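This text leads a new reader through one protein model with a ligand. Please look at the sequence and the structure before reading on.

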Amino acid sequence: MIHEEIPDQDIRLRAPRPDEGGAIWEVARDTGTLDLNSSYLYMLLARDFADTCVVAEHQDRIVGFASGYRRPRHPEVLFLWQVGIRPALQGHGLGKRLVAAFLRQPGADRASLLETTISPDNEASRALFRAIARELETDCRVSPCFAAGDFPEPGHEAEELFTIGPYRPGALNRLIS
Ligand SMILES: CC(C)(COP(=O)(O)OP(=O)(O)OC[C@H]1O[C@@H](n2cnc3c(N)ncnc32)[C@H](O)[C@@H]1OP(=O)(O)O)[C@@H](O)C(=O)NCCC(=O)NCCS
């Protein structure tokens, strides 16, 4: 796999447009590790959840995304559902920039906790969220969420809940995006 280092300023982070769900689905597919959901679901995300989603654009192409929502019954919690980057661009800080931009989206206003779930063997993702907690100077707690046996399909890994926070809005200034 060829790894590319692209200057930060050449990658634009912004909310998805309503017609970009298909492009987000393609990035999720190309990571090879994300649970790939239906294209329809990513189209709904781009249309209805753009305030809590971010895409990374390079030369008119979507190269990464972070998707999520605010938990309806716990509005202080932002749930980050998936973050994915085209393989050639992984490992150069774009994951941290995407999560930082996600936390600054309009739909994240006044949230104080970040949640996500991660499988035990996803080292890159675990390192990413630990780095975010460290840079926000707050806690990162790991607790059980979904056991492997909770999933109807065989072979699905467990998903552990990472809870990062509480953080204050001012702490977001410590993150680069
Ligand atoms: C997970 C993912 C989004 C991380 O983004 P990234 O751009 O590669 O990560 P970054 O370069 O921003 O690195 C963030 C931190 O993770 C660490 N890291 C990155 N890749 C790593 C790896 N493969 N193994 C261990 N640590 C890793 C970095 O060193 C950095 O930590 P630091 O600040 O303490 O040095 C990206 O690897 C990806 O798209 N993976 C496939 C999809 C996926 O698994 N998504 C997560 C589940 S939703």
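The paragraphs below go from the ligand to the pocket around the ligand, and then to a cavity elsewhere in the list of spaces. The model is a predicted one.

A place to begin is the ligand. It is surrounded by 21 residues, and the closest are Val83, Gly91, Gly93, Gly95 and Lys96. By class, this shell consists of eight nonpolar, eleven polar and two charged residues. Three elements, β4 (77-85), α3 (94-103) and α4 (123-136), each contribute at least two residues to the shell. Of these, α4 provides the largest share, with six residues.

Some contacts can be followed atom by atom. At Val83, a polar backbone atom is 2.8 Å from a nitrogen atom of the ligand. At Gly91, the distance from a backbone N or O atom to an oxygen atom of the ligand is 2.7 Å. Gln90 takes part through its side chain, where a polar atom lies 3.4 Å from an oxygen atom of the ligand. On its own the ligand has 930 Å² of accessible area, and the protein covers 73% of this.

Next comes the space that holds the ligand. The ligand sits in the largest pocket, which has a volume of about 1,000 Å³. The lining of this pocket is made up of 40 residues. Nearest the pocket centre are Thr33, Leu34, Val83, Asn122 and Ser125. Elements that give two or more residues to this lining are β4, α3, β5 (113-118) and α4. Which element gives the most to the lining of the largest pocket? That is β4, with seven residues, whereas the largest share of the shell around the ligand comes from α4. Sorted by class, the pocket lining has 18 nonpolar, 17 polar and five charged residues.

The last topic is enclosed space. The count gives one cavity of 30 Å³ or more, and the largest cavity has a volume of about 30 Å³. Its lining consists of Pro16, Ile24, Leu45, Cys53, Val54, Val55, Phe65, Ala66 and Ser67. Both β2 (54-58) and β3 (61-70) supply at least two residues of the cavity lining, and the largest share, three residues, belongs to β3. How do the residues of this lining divide by class? Eight are nonpolar, one is polar and none is charged.

Definitions and conventions. Residues are numbered from 1 along each chain as its sequence is written. This is a predicted model: local features need pLDDT of at least 70, side-chain atom pairs count only at pLDDT 80 or more; totals for chains, interfaces and linings use all residues. Side-chain values use heavy atoms; hydrogens and water are left out. A residue is near a molecule or strand if one of its heavy atoms lies within 4 Å of it. A polar contact is a pair of N or O atoms within 3.5 Å; within protein, one must be able to donate a hydrogen and the other to accept it, and residues adjacent in sequence count only if both atoms are side-chain atoms. Accessible areas come from the Shrake-Rupley method with a 1.4 Å probe; for residues, only the protein chains shown count as cover. On a 1 Å grid over the protein atoms alone, a cavity is a set of points where a 1.4 Å probe fits but cannot get out, and a pocket is an open set with protein on both sides within 12 Å along at least five of seven lines; lining residues have an atom within 4 Å of a point. A molecule sits in a cavity or pocket if more than half of its atoms lie within 2 Å of its grid points. Helices (H or I, at least four residues) and strands (E, at least two) are DSSP runs, numbered from the N terminus. Ala, Val, Leu, Ile, Met, Phe, Trp, Tyr, Cys and Pro count as nonpolar, Asp, Glu, Lys and Arg as charged, and the others, Gly among them, as polar. Grid points are joined across faces, edges and corners, and a volume is the space filled by probe spheres set on the points.
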